Amino acid sequence: GKRDPGGLTPDEVLQAYTQGSALSMGMDDLGRLEVGYQADLVVLDVRLEDAELNEIRVRQTWVSGVAY
């Protein structure tokens, strides 16, 4: 897949910002979309693997089950 200037793929960046961030703060019930995990999320305008990272835009943000 495409890589950002730091050499990471979109999947690696996503994991670093989600699961990696949650784990670094000791929050092991956050950061993944799985049964039993809390899930705030964003809806993007393209598939991660189809765009450069600086071209991706957020369409919706969901927090605690509410769309913003």
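Among the contacts in this protein between residues at least 6 apart in sequence, 19% join residues at least 24 apart. The structure described here is a predicted model, and the values given below are computed from its atoms.

## The protein as a whole

Along its principal axes, the C-alpha trace of the protein spans about 30 × 25 × 15 Å. The accessible surface comes to about 5300 Å², and 53% of that surface belongs to carbon and sulfur atoms. Of the 68 residues in the protein, 13% count as buried. The protein carries 6 positive and 12 negative charges, and the mean positions of these two sets are 6 Å apart.

One helix and three strands make up the list of helices and strands in the protein, and when they are read along the sequence they follow the pattern α-β-β-β.

## The sheet

How are the three strands arranged in the sheet? They form an open sheet with the order β1-β2-β3, and the pairing is antiparallel. The edge strands are β1, which covers residues 41-44, and β3, which covers residues 66-67, and each of them pairs on one side only.

Strand β2 takes in residues 58-63, and four bridges join β1 to this strand, the two running antiparallel. Two residues of the pairing can be followed by name: Leu41 has Trp62 in β2 as its bridge partner, while Leu44 stands opposite Val58 in β2.

On the other side of the pairing pattern, β2 and β3 also pair in the antiparallel sense, over two bridges, and here Val63 stands opposite Val66 in β3. These two strands, β2 and β3, form a hairpin with two residues between them, and Ser64 in the turn has a positive phi of about 50°.

## Four residues and their surroundings

The helix and the loops can be explored through single residues, whose relative accessible areas are set out in the table.

| Residue | Relative accessible area | Class |
|---|---|---|
| Gln19 | 19% | buried |
| Leu48 | 15% | buried |
| Leu30 | 24% | partly exposed |
| Val35 | 84% | exposed |

Gln19 lies in helix α1, which covers residues 10-24. Why does Gln19 count as buried? Its relative accessible area is 19%, and buried means under 20%, so Gln19 falls into that class. Leaving aside its neighbours within four places in sequence, Gln19 is in contact with Gly31 and Arg32.

Leu48 belongs to the loop between β1 and β2. Because its relative accessibility is 15%, Leu48 counts as buried. When residues up to four places away in sequence are not counted, Leu48 touches Pro10, Asp11, Leu14 and Ile56. Pro10, Asp11 and Leu14 fall within the residue range 10-24 of helix α1, so a reader can look for the contacts of Leu48 with the helix in the structure. Leu48 and Trp62 are 14 residues apart along the chain, and their C-alpha atoms are separated by 18 Å.

Leu30 lies in the loop between α1 and β1. With a relative accessibility of 24%, Leu30 counts as partly exposed, because that class lies between the limits of 20% and 50%. Not counting residues up to four places away in sequence, Leu30 touches Ala22, Tyr37 and Gln38. Leu30 and Asp40, which are ten residues apart in sequence, are 8.9 Å apart in space when the distance is taken from C-alpha to C-alpha.

Val35 also lies in the loop between α1 and β1. Is Val35 buried or exposed? At 84% relative accessibility Val35 counts as exposed, since the class of exposed residues begins over 50%. From C-alpha to C-alpha, Val35 and Asp45 are 25 Å apart in space, although they are ten residues apart in sequence.

## A pair of opposite charges

Side chains of opposite charge can pair when their charged atoms come close. How many salt bridges does the protein have? The count comes to one salt bridge. In it, the side chains of Asp50 and Arg47 meet at 3.3 Å, N to O, a distance that satisfies the requirement of being within 4 Å. Asp50 is exposed, and Arg47 is exposed too.

Conventions: Residues numbered from 1 in each chain as written. Predicted model: local features only at pLDDT ≥ 70, side-chain atom pairs only at ≥ 80, totals over all residues. Heavy atoms only, no water. Pairing = 2+ DSSP bridges. Buried < 20%, exposed > 50% of the residue type's maximum accessible area, 1.4 Å probe, protein only. Contact = heavy atoms within 4.5 Å. Areas by Shrake-Rupley, 256 points an atom, 1.4 Å probe, with all protein chains shown as cover. Lys, Arg positive; Asp, Glu negative; His and termini not counted. Charge placed at Lys NZ, Arg CZ, Asp CG, Glu CD.
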